[in-house]
Amino acid sequence: MRNFITFEGCDGVGKTYQTRALKEYCQQLGLDVVFTREPGGSDIAEQIRKIILDANNSAMDDMCEAFLYAAARIQHLKDIVKPALSAGKVVFCDRFVHSSYVYQGLGRGLGLDNIVALNDIAVGDYMPEFTVFLDLSPEQAFMRKGGADKTDRLESVDFSFHSKVYQGYKSLIQANPDKFEVIDASGTREQTQALIRQALVRRGVLPC
Ligand code: TYD
């Protein structure tokens, strides 16, 4: 879908900082753009987000979680993304279907085909024009945070989950390189922001 751009990356990559900095830059330029995020982004979708991310819901079935992400997505598209695109605005969305593909389909092992099929129902034609992928492996993100106890059982379980997520993103990109702008996120925040802006200029989304 033209003018619909999503951001993806592993946890800890600095996506929240980068999207916020980009939003401020767009505001300075006076561009009429919309920044939103998933899971959530609209009233009802934010209520679903609370259920998904609630630490008391650790017994939630993985497939239930996958359906909730898709359900929140349907509502978010209806309330925020579709009206903004219809009004001719550019929409930047922090996470979208690719998060479900890699976190639920591959990380949780529900199967990529299942999660693609589920999300095809949820989004229809509303696939992003392209996706900005902030490229930093979980190992690099971990080192940047100053590390943690590698011998800790839970840390290492978590680590293998995030490695699957990262490898999942890499294979999606390899299968469809034109649909991604891969940004090296290993430098400073400012360097990463500059790379994102350059990519958006190249794609004709930001002015030179
Ligand atoms: P959030 O606090 O928004 O994290 P981040 O700043 O890294 O985006 O939490 C979102 C979490 O939800 C993140 O760990 C990825 C996960 N997620 C999925 O597993 N599937 C999805 O479809 C989406 C949108 C997010």
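This is a short tour of the structure, stop by stop, starting at the ligand.

Before you click, note that the model is predicted, with local features needing pLDDT of at least 70, side-chain atom pairs counting only at pLDDT 80 or more, and totals for chains, interfaces and linings using all residues. Residues are numbered from 1 along each chain as its sequence is written, and side-chain values use heavy atoms, with hydrogens and water left out.

**Stop 1: the ligand**

Select the ligand and the residues near it, where near means having a heavy atom within 4 Å. You should find 13 residues, of which Asp11, Arg73, Arg95, Ser100 and Gln104 come nearest. By class, six of the shell residues are charged, four are polar and three are nonpolar. Here Ala, Val, Leu, Ile, Met, Phe, Trp, Tyr, Cys and Pro count as nonpolar, Asp, Glu, Lys and Arg as charged, and the others, Gly among them, as polar.

Next, show the polar contacts (pairs of N or O atoms within 3.5 Å; within protein, one must be able to donate a hydrogen and the other to accept it, and residues adjacent in sequence count only if both atoms are side-chain atoms). A polar side-chain atom of Ser100 lies 2.5 Å from a ligand oxygen atom. For Arg95 the distance from a polar side-chain atom to an oxygen atom of the ligand is 2.7 Å, and for Arg49 it is 3.2 Å. On its own the ligand has 550 Å² of accessible area, and the protein covers 81% of that; the areas come from the Shrake-Rupley method with a 1.4 Å probe, and for residues only the protein chains shown count as cover.

**Stop 2: the helices around the ligand**

Color helices H1 (15-29), H3 (62-86) and H4 (97-107), each of which supplies at least two residues of the shell. Helices (H or I, at least four residues) and strands (E, at least two) are DSSP runs, numbered from the N terminus. Which helix gives the largest share of the shell? H4 does, with four residues.

Stay on H4 and color by burial: buried means under 20% relative accessible area, exposed over 50%, and partly exposed in between (1.4 Å probe, protein chains only). Ten of the eleven residues of H4 are buried, among them Val97, Ser100, Tyr103 and Gln104. Just after H4 comes Gly109, with a positive phi near 75 degrees.

**Stop 3: unusual backbone**

Most residues other than glycine have a negative phi, and most peptide bonds are trans. Now go back to Arg95, in the loop between strand E3 (90-94) and H4. Arg95 is not a glycine, yet its phi is positive, about 75 degrees. Is Arg95 buried or exposed? Arg95 is buried, with a relative accessible area of 14%.

Asn3, in the segment before E1, also has a positive phi of about 75 degrees without being a glycine. Then select Glu38 and Pro39: the peptide bond between them is cis, with omega near -10 degrees. Pro39 sits in the loop between strand E2 (33-37) and helix H2 (43-53).

**Stop 4: two residues to compare**

Pick Thr6 in strand E1 (residues 4-9). Thr6 counts as buried because its relative accessible area is 0%. Draw a line from its C-alpha atom to that of Ile80, 74 residues apart along the chain, and the separation is 14 Å.

Finish at Gly124, in the loop between helix H5 (112-123) and strand E4 (130-135). With a relative accessible area of 43%, Gly124 is partly exposed. Its C-alpha atom is 17 Å from that of Ser99, 25 residues apart along the chain.
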